[in-house]
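Hi,

Here is the structure I promised to pass on. Have a look at it first, and my notes follow underneath.

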Amino acid sequence: MAKVTIDGVTVEVEPGTTILNAARKIGGDLVPPAMCYYSKLKGSGGKCRVCLVEISKGSDANPNPMPKLQASCCTPIADGMEVKNMTSPKVQDMRKGVVEFLLINHPLDCPICDQAGECDLQNLGFNYGVAKTRYQEERRTFDRIDIGDKIQLHMKRCILCYRCTYVADQLTDNRVHGIMNRGDAAEISTYIQNAVTNEMSGNMIDVCPVGALTDKTFRFKSRVWFLKPFDAHRDCPTCAGKTTVWMFGNEIYRVTARKDVYHEVESDANGKPEFICNTCRFETKDVKEWTVEGPRKMEGWSVINQGKYMKQTAKVEIDADPRLMTGRVEDRKAISMNGTNFNEKEAQLSDGK
Ligand code: SF4
Ligand code: FES
């Protein structure tokens, strides 16, 4: 085992563990954010740069600091390494810069985006973003393309993290989509206008850190914080059938995989990620088809928890003049329109005369 100290907290991990995963072992606020790394997808990471950290001591064998910030998702720890994340002003400054770059082309359409409330970029923007933009050049735009009847692609929101392409590579046969072109012309697209229809393709929606890929069967139906998430399962021949169903009253509005605090799909007892199939996600919205296990708890600060007060509230009595609700008789007389019968007696009663 090797020792690494992150923001003053020391942890022992297997040699070869990345700094990000060592930080996740400690948990809490010192864990660097990640927009492209996804522990359940091989090859992910190294694209977005939001996870950069300062290595103030390389190792016991070579205590020199590293001159440049390093991507914590793909830098392995060394015994005796010391890392600064939240305690490094350089890192905080850099992260502001990365968020500013990510937001250059990302539209600020959170009020109408289905990902709002569970969007990693929205959270980063909240923590590191600035209200004003310094960007004056023309922004990137794309022609809309249809990738099928279940998944909506909004290319303008994409941050090119590549996670969805890893889902396609690692979970589906015959991948039909990928990243076309390079540089600022790079875009997610299907080869020759194909529809993404593979039975596991819906998992792209779950891994997308922004609202670039959303569920067409849930689109614009509700805000996520108005729904109640419940863990539920069913016998499914294709996947483990373990999901979170998002309910409004007795209706299931959407179905997703169960996600952990890093918004990654949870793994089963053997460490196998529980990605779900399209039948569970898109076609099984009848509550009778699910065994509901109980409410799903989101991480403490999630907006999805808002408005779900568990405490019994007492009835509130408002001690106010009844005329506050009905207005003064003289005003009501004045605004009653010609031909409208103004009921003097009723008005006097409500005025308490
Ligand atoms: S569509 Fe989403 S998951 Fe795919 S590359 Fe863009 S941001 Fe990443
Ligand atoms: S999470 Fe490390 S570079 Fe994106």
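**What I found**

Let me begin with a turn: two residues separate the strands in the hairpin of β1 and β2, and D7 there takes a positive phi near 50°. Please bear in mind throughout that this is a predicted model.

The two strands of that hairpin pair in the antiparallel sense, with five bridges between β1 and β2. If you want a register marker, I6 has V9 in β2 as its bridge partner.

Both strands belong to an open sheet of five, ordered β2-β1-β5-β3-β4, and the pairing in it is mixed. The edges are taken by β2 (9-13) and β4 (70-71); each has a single partner strand, so one side of each is left without a neighbour in the sheet. Further in, strand β3 (residues 52-57) runs antiparallel to strand β5 (residues 81-84), and three bridges join them. One pair to look for there is E54 with K84, its bridge partner in β5.

Two helices pack on this sheet. Helix α1 (residues 19-26) touches β1 (2-6), β2, β3 and β5, and its direction makes about 110° with that of β2. For α2, the strands touched are β3 and β5, and the direction of α2 makes about 165° with that of β3.

**A helix pair**

α2 also has a helix to deal with. How do the axes of α2 and α3 cross, and within what distance do they come? Helix α2 (residues 89-105) and helix α3 (residues 120-128) have axes that come within 10 Å and cross at roughly 130°. That angle makes α2 oblique to α3. As for the hand, the crossing of α2 and α3 is left-handed.

On the α2 side the contact is made by R95, K96, V99, L102 and L103, and on the α3 side by L121, L124, G125 and Y128. By type, the residues of the contact of α2 with α3 come out as six nonpolar, one polar and two charged.

**The ligand**

Which residues come nearest to ligand 1? There are 14 residues around ligand 1, and C158, C161, C164, C208 and A212 are the ones that come nearest. The shell around ligand 1 is made up of 13 nonpolar residues, no polar ones and one charged residue. It is worth putting those five on screen together.

**Another hairpin**

Next along is a hairpin of β7 and β8. Strand β7 (residues 177-180) pairs with strand β8 (residues 187-190) in the antiparallel sense, over four bridges. In this pairing I179 has I188 in β8 as its bridge partner. Six residues lie between the strands of the β7 and β8 hairpin, and N181 takes a positive phi near 65°.

**The four-stranded sheet**

The last item is an open sheet of four strands, with antiparallel pairing and the order β12-β11-β10-β13. Which strands stand at the edges? They are β12 (251-257) and β13 (291-295), each with a single partner strand, so one side of each is left without a neighbour in the sheet. On average, and ignoring direction, neighbouring strands of this sheet are turned by 35° against each other.

Going through the pairings, β11 and β12 are antiparallel over six bridges, with T243 opposite A257 in β12. The hairpin of β11 and β12 has two residues between the strands, and G249 takes a positive phi near 65° there.

β10 and strand β11 (residues 242-248) also pair in the antiparallel sense, over six bridges. On the β13 side, strand β10 (residues 228-233) is joined by four bridges, and β10 and β13 run antiparallel.

A handy residue for finding your way in this sheet is D231: D231 stands opposite T244 in β11, and D231 also stands opposite G294 in β13.

Over to you now, and shout if anything in these notes is unclear.

Cheers

Conventions. Residues are numbered from 1 along each chain as its sequence is written. Chains are lettered from A and ligands numbered from 1 in the order in which they are written. This is a predicted model: local features need pLDDT of at least 70, side-chain atom pairs count only at pLDDT 80 or more; totals for chains, interfaces and linings use all residues. Two strands pair if DSSP finds at least two bridges between them. Axes are lines fitted to C-alpha atoms, for helices over the stretch in contact, and angles run from 0 to 180 degrees between N-to-C directions. Angles under 35 degrees count as roughly parallel, over 145 as roughly antiparallel, 65 to 115 as roughly perpendicular and the rest as oblique. A crossing is left-handed if the near helix is turned anticlockwise from the far one by less than a right angle, and right-handed if clockwise. Two residues are in contact if their C-beta atoms, placed from the backbone, lie within 7 Å. Ala, Val, Leu, Ile, Met, Phe, Trp, Tyr, Cys and Pro count as nonpolar, Asp, Glu, Lys and Arg as charged, and the others, Gly among them, as polar. A residue is near a molecule or strand if its C-beta atom, placed from the backbone, lies within 6 Å of it.
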